[in-house]
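User: Please take a close look at a single part of this model, the one around the residue that you would start from, and explain how it is connected to the rest. I would like one connected account, with the distances and contacts stated as computed.

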Amino acid sequence: MADKRLLIGTNNPAKQRFFQENCLKNADIELLTPGDVGCHLDIPETAGSPPEIALQKAKAWHEATGLPVVAQDSGMLLLDLPEDHPDQPGVMVRRVAGRELTDDEMTGWYLNLARRHGGMLRFAWVWAWCFYMSEDAYVIKSPSRADLEHNALYLVDEECHTKHEGWPIDSITRISPDGKYLSELAYDELNWEEDSKAFFPEFLRDIQRMLK
(Lines give C-alpha, C1' and ligand atoms only; values in the text may rest on other atoms or scores of the structure.)
Protein backbone atom coordinates (compact mmCIF):
# COMPACT_ATOMS: atom_id res chain seq x y z
CA MET A 1 0.00 0.00 0.00
CA ALA A 2 1.30 3.45 -0.84
CA ASP A 3 2.21 5.90 1.89
CA LYS A 4 -1.03 7.68 2.88
CA ARG A 5 0.90 10.37 4.74
CA LEU A 6 1.19 13.77 3.14
CA LEU A 7 3.53 16.59 4.12
CA ILE A 8 2.20 20.14 3.99
CA GLY A 9 5.20 21.90 2.45
CA THR A 10 5.27 25.24 4.24
CA ASN A 11 6.69 26.74 7.44
CA ASN A 12 3.77 29.20 7.65
CA PRO A 13 1.39 28.15 10.49
CA ALA A 14 -1.53 30.01 8.90
CA LYS A 15 -1.10 28.12 5.63
CA GLN A 16 -0.69 24.84 7.51
CA ARG A 17 -4.03 25.40 9.26
CA PHE A 18 -5.63 26.39 5.96
CA PHE A 19 -4.63 23.03 4.44
CA GLN A 20 -5.61 21.07 7.54
CA GLU A 21 -8.94 22.75 8.28
CA ASN A 22 -10.15 23.53 4.76
CA CYS A 23 -8.42 22.16 1.68
CA LEU A 24 -7.69 18.61 2.90
CA LYS A 25 -10.06 18.44 5.85
CA ASN A 26 -12.11 15.48 4.60
CA ALA A 27 -9.35 13.61 2.78
CA ASP A 28 -8.51 10.13 4.06
CA ILE A 29 -4.87 11.13 4.42
CA GLU A 30 -2.59 11.67 7.43
CA LEU A 31 -1.47 15.28 7.16
CA LEU A 32 1.95 16.19 8.54
CA THR A 33 3.66 19.54 9.02
CA PRO A 34 7.42 20.13 8.82
CA GLY A 35 7.41 20.38 12.62
CA ASP A 36 5.92 16.88 12.87
CA VAL A 37 8.90 15.43 11.01
CA GLY A 38 11.59 17.71 12.47
CA CYS A 39 12.37 19.50 9.24
CA HIS A 40 12.77 23.20 8.49
CA LEU A 41 13.62 24.59 5.07
CA ASP A 42 14.12 28.12 3.85
CA ILE A 43 13.51 27.85 0.13
CA PRO A 44 14.54 30.91 -1.87
CA GLU A 45 11.74 31.94 -4.23
CA THR A 46 13.25 32.86 -7.55
CA ALA A 47 11.32 34.77 -10.17
CA GLY A 48 8.84 32.66 -12.06
CA SER A 49 5.18 31.81 -12.19
CA PRO A 50 3.20 30.46 -9.20
CA PRO A 51 3.08 26.94 -10.76
CA GLU A 52 6.86 26.94 -11.22
CA ILE A 53 7.48 28.06 -7.65
CA ALA A 54 4.93 25.61 -6.20
CA LEU A 55 6.78 22.80 -7.99
CA GLN A 56 10.12 24.09 -6.71
CA LYS A 57 8.82 24.10 -3.12
CA ALA A 58 7.20 20.67 -3.32
CA LYS A 59 10.31 19.08 -4.81
CA ALA A 60 12.58 20.62 -2.15
CA TRP A 61 10.42 19.38 0.73
CA HIS A 62 10.21 15.92 -0.84
CA GLU A 63 13.97 15.70 -1.26
CA ALA A 64 14.46 16.73 2.37
CA THR A 65 11.94 14.31 3.88
CA GLY A 66 11.23 11.56 1.34
CA LEU A 67 7.50 12.14 1.84
CA PRO A 68 4.79 12.97 -0.67
CA VAL A 69 4.26 16.72 -0.49
CA VAL A 70 1.57 19.25 -1.24
CA ALA A 71 2.83 22.80 -1.69
CA GLN A 72 1.24 26.03 -2.76
CA ASP A 73 2.36 29.35 -4.15
CA SER A 74 0.45 32.43 -5.14
CA GLY A 75 0.89 35.69 -6.91
CA MET A 76 -1.28 38.76 -7.10
CA LEU A 77 -2.79 39.90 -10.37
CA LEU A 78 -4.25 43.42 -10.46
CA LEU A 79 -7.15 42.86 -12.83
CA ASP A 80 -7.71 46.57 -13.52
CA LEU A 81 -4.14 47.10 -14.77
CA PRO A 82 -2.30 45.66 -17.80
CA GLU A 83 -0.37 42.51 -16.93
CA ASP A 84 2.90 44.26 -17.78
CA HIS A 85 2.16 47.33 -15.64
CA PRO A 86 5.07 48.16 -13.29
CA ASP A 87 2.72 48.07 -10.27
CA GLN A 88 1.85 44.40 -10.88
CA PRO A 89 3.31 42.46 -7.91
CA GLY A 90 3.39 39.08 -9.65
CA VAL A 91 4.87 36.43 -7.35
CA MET A 92 6.93 38.93 -5.36
CA VAL A 93 3.93 40.01 -3.29
CA ARG A 94 5.92 40.44 -0.08
CA ARG A 95 9.21 41.59 -1.61
CA VAL A 96 9.72 45.21 -2.63
CA ALA A 97 13.02 46.58 -3.92
CA GLY A 98 14.71 43.32 -2.95
CA ARG A 99 13.54 43.42 0.68
CA GLU A 100 10.93 41.26 2.40
CA LEU A 101 8.20 43.33 4.02
CA THR A 102 6.82 42.77 7.50
CA ASP A 103 3.06 42.26 7.83
CA ASP A 104 2.55 45.93 8.76
CA GLU A 105 4.78 47.16 5.95
CA MET A 106 2.96 44.91 3.49
CA THR A 107 -0.42 46.27 4.53
CA GLY A 108 0.83 49.85 4.19
CA TRP A 109 2.42 49.21 0.80
CA TYR A 110 -0.74 47.76 -0.76
CA LEU A 111 -3.00 50.32 0.91
CA ASN A 112 -0.94 53.06 -0.77
CA LEU A 113 -1.00 51.13 -4.04
CA ALA A 114 -4.81 51.16 -3.98
CA ARG A 115 -4.75 54.86 -3.12
CA ARG A 116 -2.53 55.66 -6.12
CA HIS A 117 -5.13 54.04 -8.37
CA GLY A 118 -8.23 55.81 -7.12
CA GLY A 119 -8.75 54.07 -3.79
CA MET A 120 -9.79 50.65 -5.08
CA LEU A 121 -8.36 47.98 -7.39
CA ARG A 122 -9.84 44.68 -8.47
CA PHE A 123 -7.39 41.86 -7.99
CA ALA A 124 -7.16 38.10 -7.74
CA TRP A 125 -4.83 35.67 -6.05
CA VAL A 126 -3.23 33.43 -8.67
CA TRP A 127 -3.02 30.21 -6.69
CA ALA A 128 -1.00 27.20 -7.79
CA TRP A 129 -1.03 23.84 -6.04
CA CYS A 130 1.53 21.09 -6.54
CA PHE A 131 1.40 17.49 -5.31
CA TYR A 132 4.79 15.84 -5.66
CA MET A 133 5.90 12.21 -5.22
CA SER A 134 8.81 11.97 -7.66
CA GLU A 135 10.22 13.45 -10.86
CA ASP A 136 7.76 11.27 -12.77
CA ALA A 137 4.79 11.58 -10.45
CA TYR A 138 3.52 15.05 -9.70
CA VAL A 139 0.58 17.23 -10.63
CA ILE A 140 0.04 21.00 -10.67
CA LYS A 141 -3.27 22.85 -10.74
CA SER A 142 -3.96 26.55 -11.18
CA PRO A 143 -7.05 28.60 -12.10
CA SER A 144 -7.74 30.12 -15.50
CA ARG A 145 -8.06 33.85 -16.18
CA ALA A 146 -11.85 33.39 -16.31
CA ASP A 147 -11.74 31.85 -12.81
CA LEU A 148 -9.70 34.81 -11.58
CA GLU A 149 -12.17 37.33 -13.00
CA HIS A 150 -15.08 35.44 -11.45
CA ASN A 151 -13.45 35.47 -8.02
CA ALA A 152 -12.18 39.06 -8.07
CA LEU A 153 -11.55 40.82 -4.77
CA TYR A 154 -11.16 44.54 -4.05
CA LEU A 155 -7.99 46.11 -2.70
CA VAL A 156 -8.93 49.32 -0.87
CA ASP A 157 -7.16 52.24 0.78
CA GLU A 158 -8.94 51.99 4.15
CA GLU A 159 -7.78 49.40 6.67
CA CYS A 160 -10.01 47.19 8.81
CA HIS A 161 -8.92 46.83 12.43
CA THR A 162 -9.68 43.10 12.41
CA LYS A 163 -6.74 40.96 11.26
CA HIS A 164 -6.16 37.44 9.98
CA GLU A 165 -2.87 36.22 11.41
CA GLY A 166 -0.50 35.39 8.56
CA TRP A 167 -2.67 37.09 5.90
CA PRO A 168 -1.95 40.83 6.22
CA ILE A 169 -3.64 41.95 3.00
CA ASP A 170 -7.00 40.57 4.21
CA SER A 171 -7.43 43.73 6.32
CA ILE A 172 -7.45 45.93 3.18
CA THR A 173 -9.41 43.50 0.98
CA ARG A 174 -13.18 43.64 0.48
CA ILE A 175 -15.24 40.82 -1.02
CA SER A 176 -17.25 43.38 -3.04
CA PRO A 177 -16.93 47.17 -3.50
CA ASP A 178 -19.11 47.83 -0.43
CA GLY A 179 -18.86 44.41 1.19
CA LYS A 180 -17.12 43.02 4.22
CA TYR A 181 -13.38 42.85 4.58
CA LEU A 182 -11.87 39.39 4.29
CA SER A 183 -10.44 39.83 7.76
CA GLU A 184 -13.97 40.23 9.17
CA LEU A 185 -14.87 36.72 8.02
CA ALA A 186 -14.06 33.54 9.89
CA TYR A 187 -12.06 31.00 7.90
CA ASP A 188 -15.15 28.81 7.48
CA GLU A 189 -17.00 31.79 5.93
CA LEU A 190 -14.42 32.39 3.21
CA ASN A 191 -16.08 29.85 0.90
CA TRP A 192 -12.75 28.68 -0.47
CA GLU A 193 -14.41 25.61 -2.01
CA GLU A 194 -16.59 27.82 -4.20
CA ASP A 195 -13.61 29.93 -5.18
CA SER A 196 -11.55 26.86 -6.03
CA LYS A 197 -14.31 24.73 -7.57
CA ALA A 198 -12.81 24.92 -11.06
CA PHE A 199 -9.70 22.96 -10.14
CA PHE A 200 -9.28 21.94 -6.48
CA PRO A 201 -11.69 18.95 -6.34
CA GLU A 202 -9.91 17.46 -9.36
CA PHE A 203 -6.55 18.14 -7.68
CA LEU A 204 -7.69 16.33 -4.53
CA ARG A 205 -8.87 13.36 -6.60
CA ASP A 206 -5.42 13.24 -8.24
CA ILE A 207 -3.74 13.18 -4.81
CA GLN A 208 -5.97 10.37 -3.56
CA ARG A 209 -5.50 8.35 -6.74
CA MET A 210 -1.70 8.71 -6.71
CA LEU A 211 -1.43 7.79 -3.01
CA LYS A 212 -3.33 4.53 -3.42
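Analyst: A strand, as the word is used here, is a DSSP run of at least two residues, with strands numbered from the N terminus. Thr173 lies in such a run, strand E9, which covers residues 173–174. The model is predicted, and the values below are computed from it.

I start from Thr173 and its surroundings. Because buried means under 20% relative accessible area, Thr173 counts as buried, with a value of 0%. Its side chain has a polar atom 2.8 Å from the backbone oxygen of Ile169. Leaving aside neighbours within four places in sequence, Thr173 is in contact with Phe123, Leu153, Tyr154, Leu155, Lys180, Tyr181 and Leu182. Three of these names return below: Phe123 stands opposite Leu78 in a strand pairing, Tyr154 is the bridge partner of Arg122, and Leu155 belongs to the largest nonpolar core.

That core has 20 residues, and the members that touch the most others are Met76, Tyr110, Leu155 and Ile169. The elements that give two or more residues to the core are strand E3 (69–78), helix H3 (103–116), strand E6 (120–134) and strand E8 (153–156). The largest share, five residues, comes from H3. Ile169 thus appears twice in this account, as one of those core members and as the residue whose backbone oxygen lies 2.8 Å from the side chain of Thr173.

Tyr110 shows how these pieces meet. Not counting residues up to four places away in sequence, Tyr110 touches Met76, Pro89, Met92, Val93, Leu155, Ile169 and Ile172. Apart from this core lies another, of 16 residues, among them Ala14, Val70, Phe131 and Phe203. Of the residues that Tyr110 touches, Met92 sits in the loop between E3 and strand E4 (95–96). Since a residue counts as partly exposed when its relative accessibility falls between the 20% and 50% limits, Met92 falls in that class at 28%. Met92 is 16 residues from Met76 in sequence, while their C-alpha atoms are 8.4 Å apart in space.

Met76 leads to E3 itself. Ten of the ten residues of E3 are buried, so this strand is largely enclosed by the rest of the structure. In a regular strand the side chains alternate between the two faces of the sheet. Here Val69, Ala71, Asp73, Gly75 and Leu77 point one way from E3, whereas Val70, Gln72, Ser74, Met76 and Leu78 point the other way, and all of them are buried. Val70 and Met76 therefore point the same way from E3 under the grouping just given, although Met76 is a member of the 20-residue core and Val70 belongs to the separate core of 16 residues.

The pairings of E3 place it between other strands in this account. E3 and E6 run antiparallel and are joined by ten bridges; Leu78 stands opposite Phe123 in E6, and Gln72 stands opposite Trp129. E1 pairs with E3 in the parallel sense over two bridges, and the bridge partner of Ile8 in E3 is Val70.

E6 carries the pairing further. With E8, E6 pairs in the antiparallel sense over four bridges, Arg122 having Tyr154 as its bridge partner in E8. With strand E7 (residues 137–141), E6 also runs antiparallel, joined by five bridges, and the two form a hairpin with two residues between them. In that pairing Phe131, a member of the 16-residue core, has Val139 in E7 as its bridge partner.

Helix H2 packs against this group of strands. H2 covers residues 50–65 and spans 23 Å from its first C-alpha to its last, close to the expected 22 Å. Its buried residues are Pro50, Ile53, Ala54, Lys57, Ala58, Trp61 and His62, and these pack against strand E1 (5–8), E3 and E6. Just after H2, Gly66 takes a positive phi of about 80 degrees.

For the wider setting, the protein has six helices and nine strands, and 46% of its 212 residues count as buried. Among contacts between residues at least 6 apart in sequence, 62% join residues at least 24 apart.

Methods. Residues numbered from 1 in each chain as written. Predicted model: local features only at pLDDT ≥ 70, side-chain atom pairs only at ≥ 80, totals over all residues. Heavy atoms only, no water. Buried < 20%, exposed > 50% of the residue type's maximum accessible area, 1.4 Å probe, protein only. Contact = heavy atoms within 4.5 Å. Core = buried A, V, L, I, M, F, W, Y, C linked by side-chain atoms within 4.5 Å. Expected span 1.5 Å × (residues − 1). Polar contact = N/O pair within 3.5 Å; in protein donor to acceptor, adjacent residues only side chain to side chain. Pairing = 2+ DSSP bridges.
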